[in-house]
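Here are my notes on this one, written so you can follow along with the picture open. Take them one at a time and find each residue as you go.

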Amino acid sequence: MTSPLKRRLAVLPLVLLPLATVAACGGENTKTDCNLNACTVTFDRGVDANASILGVKAELVSVQGNNVTLKVGGQQITVPVGENEQSEGFNVQVQSVTKDNVVVKISNSG
């Protein structure tokens, strides 16, 4: 029979996994909100803004009108506000653009 201590120790890595995943996202001039399958990244405009999320680097390249150019995992894509595009196995959706920031949701597409 398994002791209660052994069972608790076996469960501990599973409990800490979401915390490690959330702790693994972050970057410069960004705010991130991540779970196991997706991250919402708020990029500051007018500065170099990037984040390491879901195992890739995402960076804001430029904004022209309603079109946002991002680099996700080394691939550059342009996504209109409210639209979705695929990049390096990720679904990239630009949720909003203001004069101060750009909010993008990046999720595993498969």
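Below are numbered points on the sheet, the hairpin, the disulfide, the core and a few residues.

1. Before anything else, keep in mind that this is a predicted model. Treat the angles and distances below as values computed from that model.

2. Let's start with the open sheet. It has five strands in the order 1-4-5-6-7, and the pairing is antiparallel. Strand 1 (26-28) and strand 7 (75-80) are at the edges with a single partner strand each, so one side of each has no neighbour in the sheet. On average, neighbouring strands here are turned by 25 degrees against each other, ignoring direction.

3. Now zoom in on one pair from that sheet. Strand 6 (residues 67-72) and strand 7 are linked by six bridges and run antiparallel. To find your place, look for L70, which sits opposite I77 of strand 7.

4. Next comes the hairpin of strand 8 and strand 9, with two residues between the strands. Strand 8 covers residues 84-87, strand 9 covers residues 90-97, and four bridges hold the antiparallel pair together. S87 has F90 in strand 9 as its bridge partner. Have a look at E88 too: in this hairpin its phi is positive, near 50 degrees.

5. While you're there, which side chains does N91 meet in polar contacts? N91 belongs to strand 9. Its side chain makes one polar contact with the side chain of N84, at 3.4 Å, and another with the side chain of Q86, at 2.9 Å. If you skip residues up to four places away in sequence, N91 touches N84, E85, Q86, K105, I106, S107 and S109.

6. How many disulfides does a search of the whole structure find? The search turns up one. That disulfide connects C34 and C39, with 2.0 Å from S to S. The link is right-handed, with 120 degrees about the S-S bond. Both C34 and C39 are buried.

7. On to the inside. Nonpolar side chains tend to be buried together in soluble globular proteins. In this model the largest nonpolar core has 23 residues, and F43 and I53 have the most contacts inside it. Two or more residues come from each of strand 3 (38-44), strand 4 (50-53), strand 5 (56-64), strand 6, strand 7, strand 9 and strand 10 (101-108). Strand 5 gives the largest share, four residues.

8. I53 deserves a closer look. Not counting neighbours within four places in sequence, I53 is in contact with C25, T32, C34, C39, V41, A58 and I106. Notice that C34 and C39 in that list are the two ends of the disulfide.

9. Last, some backbone angles to check by eye. Most residues other than glycine have a negative phi. N29 goes the other way, with a positive phi near 55 degrees. You'll find N29 in the loop between strand 1 and strand 2 (30-34), and its relative accessibility of 33% makes it partly exposed.

10. L54 also has a positive phi, near 50 degrees, and isn't a glycine either. It lies in the loop between strand 4 and strand 5. Is L54 buried, exposed or partly exposed? With a relative accessible area of 24%, L54 counts as partly exposed, because buried would mean under 20%.

Definitions and conventions:
Residues are numbered from 1 along each chain as its sequence is written. This is a predicted model: local features need pLDDT of at least 70, side-chain atom pairs count only at pLDDT 80 or more; totals for chains, interfaces and linings use all residues. Side-chain values use heavy atoms; hydrogens and water are left out. Two strands pair if DSSP finds at least two bridges between them. Axes are lines fitted to C-alpha atoms, for helices over the stretch in contact, and angles run from 0 to 180 degrees between N-to-C directions. A polar contact is a pair of N or O atoms within 3.5 Å; within protein, one must be able to donate a hydrogen and the other to accept it, and residues adjacent in sequence count only if both atoms are side-chain atoms. Contact means heavy atoms within 4.5 Å. A disulfide is a pair of cysteine sulfur atoms within 2.5 Å. Buried means under 20% relative accessible area, exposed over 50%, partly exposed in between (1.4 Å probe, protein chains only). A nonpolar core is a set of buried Ala, Val, Leu, Ile, Met, Phe, Trp, Tyr and Cys residues joined through side-chain atoms within 4.5 Å.
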